[in-house]
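Work through these exercises with the model open beside you. Try each task before reading its solution.

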Amino acid sequence: FIAARMEEAGIVGVGAAIVVDGEVAWQHGYGYADRASRRPYTPGTVQNIASISKTFTGVAMLQAVEDGLLSLDADIDTYLPFAVVNPHDPDGRITLRDLATHSSGLVDRMAVYRETYHYRGETPEPLADFLRGYLVPGGAHYSPDNFLDAAPGEQVAYSNIGAALVGLIVERAVGEPLPDYAAKRIFAPLGMASTVWRLADVDPATQATLYIAQDGLTSPIEPYEGTTYPEGGVRTSVADLSRFFLALLGDGSHGGGRLLEPASVRELRRFQFDAEHKPENLDLAEENAGLFWATKFNGRFVGHGGTDPGLKTEMIARPGLDVGMIVFTNTSLSGEEMRHYVAILLEVWKYAETLAGPPDPATGGNTAGR
């Protein structure tokens with residue numbers, strides 16, 4: 001089924017994994033990591049994961065909270081060398097919790113955000129310089145349109161730049177760049193030996209080429225990285241990401257390595273909004289948010305996904321957290337052709353439910369006895 005859908009859509013490579021009750025139950029690769037050399041796509045193939053990266057930034061944020069370096073509910077100006085003032089709400093107080101639930105009032109002005117992608121040979125602007133220029137009056141990228149006309153917590157608006165700001169705050173709190181910090185505090189404890197944040201650190205032998213499928217043609221694109229890397233820069237494999245996912249679905253640890261204390265990982269997953277406290281444009285019947293963690297597909301799943309040029313990724317579980325799946329492709333589709341990726345996703349989920357059995361209505365756990 002997957003191979004047929006890939007051929008029909010022009011998808012070059014797919015990797016997938018299923019986790020059940022704290023273990024990897026199945027993983028597989030299809031097609032090619034690189035079509036020209038016919039190098040196969042395997043669970044060990046490394047590629048960009050786009051916005052799933054936000055979950056790594058969220059873990060780093062919560063580690064800094066555990067270490068007494070940050071507070072989720074303090075004014076972020078406490079941690080920054082410049083003030084972030086919404087011109088529509090000058091007395092507003094933005095917190096890390098607001099940023100991590102995309103309810104801060106910061107928005108991505110696409111004319112600027114599109115320019116944050118830098119292809120091989122181009123040097124991204126330093127993160128702090130970009131954010132100062134975007135958020136501070138007089139800056140090169142500043143505009144009142146970078147902010148909603150709303151106080152923090154009043155509106156949900158997905159913001160990559162807001163997530164990048166969290167990354168900058170974490171870097172200042174821990175005293176080193178996020179890629180270096182994550183290598184020691186997130187990747188190494190879980191044995192994620194192939195996972196990196198910088199393009200320069202990827203092993204070419206494991207890296208996937210990215211492709212764009214459009215108008216019946218599938219074409220490779222140059223590797224890239226972003227100015228706002230905390231929101232989308234991680235490069236990993238299905239096999240490595242499975243370790244991280246299992247830690248998030250469990251008590252904050254996996255395979256002897258601990259990322260977060262149980263209370264912290266529960267806070268990451270906890271829905272932050274309820275009927276009495278929610279943004280006015282949020283329909284709780286369809287969506288809710290943890291800390292860089294959210295409902296997906298009208299509440300059928302929880303987790304995070306990612307979309308960038310040349311790729312689509314998902315890391316999602318059913319709400320009981322007992323069964324989840326990861327699906328990567330190194331090919332981006334557009335328009336109606338996205339139906340092929342969705343069909344692959346649903347087919348993998350069908351197999352996941354076969355392995356695990358349906359949820360037990362009484363306990364929310366599995367019925368297959370695994």
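## Exercise 1: Two pockets

Task: Find which residues lie nearest the centre of the second largest pocket.

Solution. This is a predicted model. Step one: take the lining, which has 14 residues. Step two: pick out those nearest the centre, namely Pro124, Arg198, Glu225, Gly226 and Tyr229. Step three: sort the lining of this second largest pocket by class, giving seven nonpolar, three polar and four charged residues. Step four: add the volume of the second largest pocket, about 260 Å³.

Task: Describe the largest pocket and state which strand gives the largest share of its lining.

Solution. Start with volume: the largest pocket has about 410 Å³. Its lining takes 28 residues, and His102, Tyr158, Ala294, Lys296 and His304 lie nearest the centre. Next, look for strands. Both β12 (294-296) and β13 (301-308) supply at least two lining residues each. The largest share is from β13, with six residues. Last, the classes: eleven residues of this lining are nonpolar, 13 polar and four charged.

## Exercise 2: The cavity

Task: State how many cavities of 30 Å³ or more the structure holds, and describe the largest cavity.

Solution. A general point comes first: rolling a probe the size of a water molecule over the atoms shows where empty space is left. Here the count is one cavity of 30 Å³ or more. The volume of the largest cavity is about 120 Å³. Of its 14 lining residues, Tyr117, Gly226, Gly232, Gly233 and Asp308 lie nearest the centre. Strand β8 (residues 224-226) gives the most to this lining, three residues. By class, the lining of the largest cavity has four nonpolar, six polar and four charged residues.

## Exercise 3: The open sheet

Task: Give the strand order of the seven-stranded open sheet and name its edge strands.

Solution. Write down the order: β3-β2-β1-β15-β14-β13-β12, with antiparallel pairing. The edges are β3 (39-40) and β12, each pairing on one side only. Now check one pair. β12 and β13 are joined in the antiparallel sense by three bridges. Alanine 294 has glycine 303 in β13 as its bridge partner. Then add the helices. Helix α10 (residues 338-356) packs on the sheet and touches β1, β2, β13, β14 and β15. The direction of α10 makes about 150° with that of β15. Helix α8 (residues 238-249) lies across β1 (13-20), β2 (23-34), β14 (311-317) and β15 (323-329), and runs at about 150° to β15.

## Exercise 4: A hairpin

Task: Find how β6 and β7 pair, and which residue between them takes a positive phi.

Solution. Strands β6 (residues 210-214) and β7 (residues 217-221) pair in the antiparallel sense, over five bridges. Opposite leucine 210 stands isoleucine 221 in β7. Two residues lie between the strands of this hairpin. Aspartate 215 takes the positive phi, near 55°.

## Exercise 5: Two helices

Task: Work out whether α2 and α7 are roughly parallel or roughly perpendicular.

Solution. Get the angle: helix α2 (residues 53-66) and helix α7 (residues 178-187) pack at about 80°. Their axes are 11 Å apart. An angle of 65 to 115 degrees counts as roughly perpendicular. So α2 is roughly perpendicular to α7. Then list the contact. From α2 come Phe56, Thr57, Val59, Ala60 and Gln63, which meet Leu178, Tyr181, Arg185, Ile186 and Phe187 of α7. By class, this contact of α2 with α7 has seven nonpolar, two polar and one charged residues.

Key:
Residues numbered from 1 in each chain as written. Predicted model: local features only at pLDDT ≥ 70, side-chain atom pairs only at ≥ 80, totals over all residues. Heavy atoms only, no water. Pairing = 2+ DSSP bridges. Helix = DSSP H or I, 4+ residues; strand = E, 2+ residues; numbered from the N terminus. 1 Å grid on protein atoms, 1.4 Å probe; cavity = no way out; pocket = protein on both sides within 12 Å on 5 of 7 lines; lining within 4 Å. Points joined across faces, edges and corners; volume = space filled by probe spheres on them. Nonpolar A, V, L, I, M, F, W, Y, C, P; charged D, E, K, R; others polar. Contact = heavy atoms within 4.5 Å. Axes fitted to C-alpha atoms, helices over the stretch in contact; angles between N-to-C directions. Parallel < 35°, antiparallel > 145°, perpendicular 65-115°, else oblique.
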